[in-house]
Amino acid sequence: MAFQPGEGNAMEVDTIVAVATPPGRGALALLRLSGPGAFEVLARVAPELARPPSPRRAVLTSLVDPDDGALLDRGLVTCFPAPASYTGEDVAEVSVHGGPLLVAMVESALVSAGARSAEPGEFTRRAVLHGKLDLVRAEAVADLIDADSPALHRAALHQMEGGLSHRLAGLREEVLELEALVMHHVDFPDEDDPPVSVDRVVEGAREVESRLGRLLETAPEGELLREGAVAVLAGRPNAGKSSLYNALIGEERAIVTPVPGTTRDALEARVSLGGYPFRLVDTAGLREGAGDIERLGIEVARRYLAGADLVLLCLPVDEEWGPGEEAFLEERGDTGSIGAPVLLVRTCADRNPGPRDGADRSAPRREEPGSDRSDGGPRVGGALRVSVKTGEGLARLRETAAALVYQGLVTSRTDAPLLTRRRQREGVARAHAEVRAFSRALEMAIPAEAAVSHLKEAEGALEELLGVITTDDVLDRVFRRFCIGK
Ligand code: GDP
């Protein structure tokens, strides 16, 4: 009968269980079971349930401890028989009231009934193994869950819908076609007029190479979207850096983490500014150790500044532009250590009410005119007046920061697939290098039989990316950072 565990693999594959909702107290919590024994395990905890349970229909039922039959809760149970489920296995979802103790009791009841607690990402890993989604889409699921900015959310959703997968699968097809062309050529080596000219093969290879190259170019941006652009707050002591840091993260549910590796750690928070992800770094805590070396604390903050994608140079409106700021700007450019755009932020605007449009006309000597435009042009953004007391200029600061870092990048074209992970970048880079090596080999009149091994390598790289061929090692790396229950 349908209620029996799936044939054959019941011995090899166990049934896993996890709480899919976050820990803590809530109105509801969802537990998920997957595996050939899912419905059997469920039946021991939900004995009133019809056998077989109706597929994809939520049924209200009693949930009991299988050891003593004690009632734990009444909950909604939904069954998804294989293969029409997230994992491709028999899946059951159980929603219960969201009390932490209650949820733990239901989970342990399901374990007593024969399920095993899932590892992080194990549900999605099984989905990949059963061909329900490829590895790139699985990564997109993780990105979607982790997305803390609308821009990453958009990119992850597109990737989950298959944008990148289609592109990669298409490229793999093209490599296969090239291979077919070459093999055709190899099969008729002695014909005076071979059916496929070497030129045509080289031309085809060049096209694939440039397509791979264009995809590769999206990696810095994709990774920036996932990791967040580093925006460092710089400026003399009491310039208002910490206050600004708090104001910028205050309205966000920011994740604040100390940046390790310094005796006095800098603070870092993930925030979404103007819809784009940033890692805001406040180095204010570092300045005390710097003594008089540099009033702006450049020495101590240099490391952060060197890795910055944006610098917010803070100076109170009622203070003069000084040698510290001047020295700071010296650090910019090709010779200095700061390669990122610098936006001058005139803090404490409420102390000296000025123009209401947020632009500071009493700007310092070094300011470049019109540089508060948000077109990302000048590398020193002109003064933006902000006040954490009145909130003046904060919205404009967010938008300007986003524009300076992200404007002009591929993100604005939302339908373009992006490489968002190192694994993806490395895979595409490998394929790109191999296709290039293939054309070079042909041009150097290396026999096609030999050159074709490069195409096979390229194909392998793309297949590994998509998870067509995977090793446990690759899967471990991809799923290690998933949350439990996903
Ligand atoms: P940091 O040393 O650069 O981190 O500067 P702080 O954030 O600690 O600020 C220095 C002083 O300026 C504190 O007393 C703040 O309360 C004050 N301050 C910061 N921002 C503002 C502001 O927008 N308006 C006013 N009136 N005071 C501010």
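## A tour of the helices, loops and distant pairs

H13 passes H14 in a left-handed crossing, and this pair is a convenient place to begin in what is a predicted model. Select residues 448–466 for helix H14 and residues 422–443 for helix H13, and look along the two axes, which come within 8 Å and cross at roughly 165°. Because angles over 145 degrees count as roughly antiparallel, H13 and H14 are therefore described as roughly antiparallel to each other.

Next, show the side chains where the two helices meet. On the H13 side, select Arg423, Gln424, Gly427, Val428, Arg430, Ala431, Glu434, Val435, Ala437, Phe438, Ala441 and Leu442. Their counterparts in H14 are Ala448, Ala451, Val452, His454, Leu455, Glu457, Ala458, Gly460, Ala461, Leu462, Glu464 and Leu465. Coloured by residue class, the contact of H13 with H14 divides into 15 nonpolar, 4 polar and 5 charged residues.

Before leaving this pair, select Ala445, which sits in the loop between H13 and H14. Its phi is near 60°, a positive value in a residue other than glycine. Is Ala445 buried or exposed? With a relative accessibility of 65%, Ala445 counts as exposed, because the cut-off for that class is over 50%.

Keep H13 in view and add helix H7, residues 198–216, whose axis comes within 9 Å of the axis of H13 and crosses that axis at roughly 160°. That angle makes H7 roughly antiparallel to H13. The crossing of H7 and H13 is left-handed. From H7, the contact draws on Val198, Val201, Val202, Ala205, Arg206, Val208, Glu209, Leu212, Gly213, Leu215 and Leu216. From H13, the residues to select are Arg425, Val428, Ala429, Ala431, His432, Val435, Arg436, Phe438, Ser439, Leu442 and Glu443. By class, the residues of the contact of H7 with H13 comprise 14 nonpolar, 3 polar and 5 charged.

Now move to helix H12, residues 394–406, a run of 13 residues that reaches 18 Å from its first C-alpha to its last, close to the 18 Å expected at 1.5 Å a residue. Switching on a surface around H12 should be instructive, since the helix is mostly covered, with 10 of its 13 residues buried. Those to highlight are Leu394, Leu397, Arg398, Thr400, Ala401, Ala402, Ala403, Leu404, Val405 and Tyr406.

Two pairs of residues come next, each best viewed with a distance drawn between C-alpha atoms. For one pair, select Tyr245, which is found in helix H9, residues 241–250, and which at 2% relative accessibility counts as buried. Draw the distance from Tyr245 to Leu280: the residues are 35 positions apart along the chain, and their C-alpha atoms are separated by 7.3 Å. For the other pair, select Leu305 in helix H10, residues 298–306, where a relative accessibility of 2% again places the residue among those that count as buried. Leu305 and Ile338 are 33 residues apart in sequence, yet 5.9 Å apart in space from C-alpha to C-alpha.

The loops hold several backbone features. Go to Cys348, in the loop between strand S12 (342–347) and strand S13 (380–385), where phi is near 55°, a positive value in a residue other than glycine. Cys348 counts as buried at 16% relative accessibility, because the cut-off for that class is under 20%.

Which residues flank the cis peptide bond with omega of about -5°? That bond joins Arg51 and Pro52, and Pro52 lies in the loop between helix H1 (38–45) and strand S3 (59–64). A further stop is the peptide bond from Ala82 to Pro83, which is also cis, with omega near 0°. To find Pro83, select the loop between strand S4 (71–80) and strand S5 (91–98).

Finally, zoom out to the whole chain and colour by secondary structure, which brings up 15 helices and 13 strands. Buried residues make up 50% of the 486 residues in the chain. Among contacts with a separation of 6 or more, those between residues 24 or more positions apart account for 70%.

Conventions:
Residues are numbered from 1 along each chain as its sequence is written. This is a predicted model: local features need pLDDT of at least 70, side-chain atom pairs count only at pLDDT 80 or more; totals for chains, interfaces and linings use all residues. Side-chain values use heavy atoms; hydrogens and water are left out. Axes are lines fitted to C-alpha atoms, for helices over the stretch in contact, and angles run from 0 to 180 degrees between N-to-C directions. Helices (H or I, at least four residues) and strands (E, at least two) are DSSP runs, numbered from the N terminus. Angles under 35 degrees count as roughly parallel, over 145 as roughly antiparallel, 65 to 115 as roughly perpendicular and the rest as oblique. A crossing is left-handed if the near helix is turned anticlockwise from the far one by less than a right angle, and right-handed if clockwise. Contact means heavy atoms within 4.5 Å. Ala, Val, Leu, Ile, Met, Phe, Trp, Tyr, Cys and Pro count as nonpolar, Asp, Glu, Lys and Arg as charged, and the others, Gly among them, as polar. The expected span of a helix is 1.5 Å times one less than its number of residues. Buried means under 20% relative accessible area, exposed over 50%, partly exposed in between (1.4 Å probe, protein chains only).
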